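Biologist: Hi, could you walk me through this model? I have the sequence and the picture open on my screen.

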Amino acid sequence: MRTLKNVMLAAAITAVTILQAVQAAPPASASAAGPAARAAAAASAAAGTGGPPAGCRVVRTPHGWEVICGNGGVGPGGPGGGGGGGGGTDTCKLFPLPPGYPFPYPAPKGEKWMWIVCQMTEQTGLVLVPTGATTANPGVTPQELLQWALAALSVPAPRPATAPPRGHAGLVGLAEWVWLPASQWRPATAQVAVGPVWAKVTAVPGKITISPGGGLPGRSCAGPGTAYNPKLPASAQHTDCSYTYPQSSALQPGHAYQVSVTVTWTATWTGSGGAGGAVNPPLQETTTFPVRVAEGQALVSGGGQ
């Protein structure tokens with residue numbers, strides 16, 4: 001895997017070298033800049049806030065956590081990769097771009113656009129840096145690197161355990177327990193660095209939200225829930241993370257409720273020079289699965305046949 005990532009990094013650097021050779025490339029419109037340029041725009045707008053720009057939100061995509069804005073722009077993860085991974089430090093480098101390369105908008109006074117290439121997650125894209133910045137002296141800010149760290153952050157999709165176990169019918173009036181194993185309830189981190197400048201994101205799971213399906217109201221519980229112990233009587237156990245169905249699933253599509261379990265993660269970040277703060281809104285991951293619920297008398301009559 002490390003060899004493959006090194007090959008990807010080499011390919012990205014080669015692509016930058018080719019771009020630098022295209023000195024006569026004609027200017028293009030901002031819309032032609034593609035996802036990488038829109039990524040830089042989102043990152044730049046967030047630079048002074050320590051979080052997503054106004055009108056933007058952080059969402060999970062197949063490529064990692066990305067900043068989605070009202071104009072359709074996204075965070076890092078343009079041509080060449082984006083997202084995945086998590087943990088460790090993703091080392092990134094900046095490269096100059098040739099004249100005429102399409103930018104999302106003119107660089108503000110005292111700044112310029114450069115191409116960023118990250119090794120661990122293979123993220124590439126555009127970023128604003130001070131005019132005097134070079135590959136050796138990047139001048140990128142922790143706030144800009146925050147967006148790249150968010151895109152590199154990987155938190156697991158919840159794989160909840162239930163009682164009764166999945167595949168076994170529940171019972172009207174009987175609590176359906178939901179919990180997450182300890183292996184799924186621990187912090188996730190991602191760190192990105194360009195030279196001495198760095199940003200680190202830490203996400204901590206905070207609560208579980210159960211959406212029972214069928215138009216029924218949901219409920220939330222703090223923490224991972226309590227594991228059900230089949231060796232103990234039900235009267236000797238208690239959980240704050242369960243749901244009790246008032247009616248069977250006989251009239252539901254497929255004769256089952258479509259249950260969604262969502263884990264909400266609270267994220268904070270730190271960076272070089274004392275930068276840091278909260279990441280809003282919180283991050284969320286959801287898993288959906290069917291649950292059959294039977295009437296009590298149906299189970300009794302069925303068991304006697």
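Modeller: Let's start with Arg159, which sits in the loop between α3 (142–152) and β6 (161–163). Keep in mind that this is a predicted model.

Biologist: Okay. Is Arg159 buried or exposed?

Modeller: Arg159 counts as exposed, because its relative accessibility is 53% and the cut-off for exposed is over 50%.

Biologist: And which residues is Arg159 in contact with, leaving aside its neighbours within four places in sequence?

Modeller: With those neighbours set aside, Arg159 contacts Arg166, Leu180, Pro181 and Gln184. There is also a long-range relation to Val261: the two residues are 102 apart along the chain, and their C-alpha atoms are separated by 8.7 Å.

Biologist: You mentioned Arg166. What ring does Arg166 lie over?

Modeller: Arg166 lies over the face of Phe289, at 4.1 Å from the ring centre.

Biologist: Back to α3 for a second. How many of the residues of α3 are buried?

Modeller: In α3, 10 of the 11 residues are buried, so the helix is mostly covered. Among the buried ones are Leu145, Leu146, Trp148 and Leu150. Glu144 and Gln147 of α3 are buried too.

Biologist: Good to know. What about the whole chain, how many helices and strands does it have?

Modeller: The protein chain has 4 helices and 15 strands. Of its 305 residues, 45% count as buried. If you take the contacts with a separation of 6 or more, 65% of them come from residues 24 or more positions apart.

Biologist: New topic: cysteines. How many disulfides does the count come to?

Modeller: The count comes to 1 disulfide. Cys221 and Cys241 form it, with their sulfur atoms 2.0 Å apart. The pair links distant parts of the chain, with Cys221 in strand β11 and Cys241 in the loop between β11 and β12, 20 residues apart.

Biologist: Are those two cysteines buried or exposed?

Modeller: Cys221 counts as buried at 7% relative accessibility, and Cys241 is buried as well, with a relative accessible area of 1%.

Biologist: What does Ser242 touch, leaving aside the neighbours within four places in sequence?

Modeller: Ser242 is found in strand β12. Apart from those neighbours, Ser242 is in contact with Ala175, Glu176, Trp177, Ile210 and Arg219. Ser242 is buried, because its relative accessible area is 9% and the cut-off for buried is under 20%.

Biologist: Trp177 caught my eye there. How many aromatic pairs does the structure hold?

Modeller: The structure holds 3 aromatic pairs. In one of them, Trp177 and Tyr228 meet edge-to-face, 5.0 Å centre to centre with 80° between the planes. This pair joins distant parts of the chain: Trp177 belongs to strand β8 (residues 175–179), Tyr228 to the loop between β11 (219–222) and β12 (242–244), and they are 51 residues apart.

Biologist: How accessible are Trp177 and Tyr228?

Modeller: Trp177 is buried, with a relative accessible area of 8%, whereas Tyr228 counts as partly exposed at 27% relative accessibility.

Biologist: What is the geometry of the pair of Tyr243 and Tyr245?

Modeller: Tyr243 and Tyr245 form an edge-to-face pair, 5.1 Å centre to centre and 65° between the planes. Tyr243 counts as buried at 12% relative accessibility, and Tyr245 is buried with a relative accessible area of 4%. Ring pairs also link Tyr243, Tyr245 and Tyr257 into a cluster.

Biologist: Switching again: what volume does the largest pocket have?

Modeller: The largest pocket has a volume of about 220 Å³. It is lined by 19 residues, and the closest to its centre are His168, Glu176, Pro290, Val291 and Arg292. Strands β8 and β14 (276–291) each supply at least two residues of that lining.

Biologist: Last one. Where does Thr264 lie?

Modeller: Thr264 lies in strand β13 (residues 257–271) and is buried, with a relative accessible area of 8%. Not counting residues up to four places away in sequence, Thr264 touches Val204, Pro205, Gly206, Lys207, Pro282, Leu283 and Gln284.

Biologist: Thanks, that's just what I wanted to go through!

Definitions and conventions
Residues numbered from 1 in each chain as written. Predicted model: local features only at pLDDT ≥ 70, side-chain atom pairs only at ≥ 80, totals over all residues. Heavy atoms only, no water. Phe/Tyr/Trp six-rings, centres within 6.5 Å; stacked < 30°, edge-to-face > 60°. Buried < 20%, exposed > 50% of the residue type's maximum accessible area, 1.4 Å probe, protein only. Lys NZ or Arg CZ within 6 Å of the ring centre and 35° of its normal. Contact = heavy atoms within 4.5 Å. Disulfide = S-S within 2.5 Å. 1 Å grid on protein atoms, 1.4 Å probe; cavity = no way out; pocket = protein on both sides within 12 Å on 5 of 7 lines; lining within 4 Å. Points joined across faces, edges and corners; volume = space filled by probe spheres on them.
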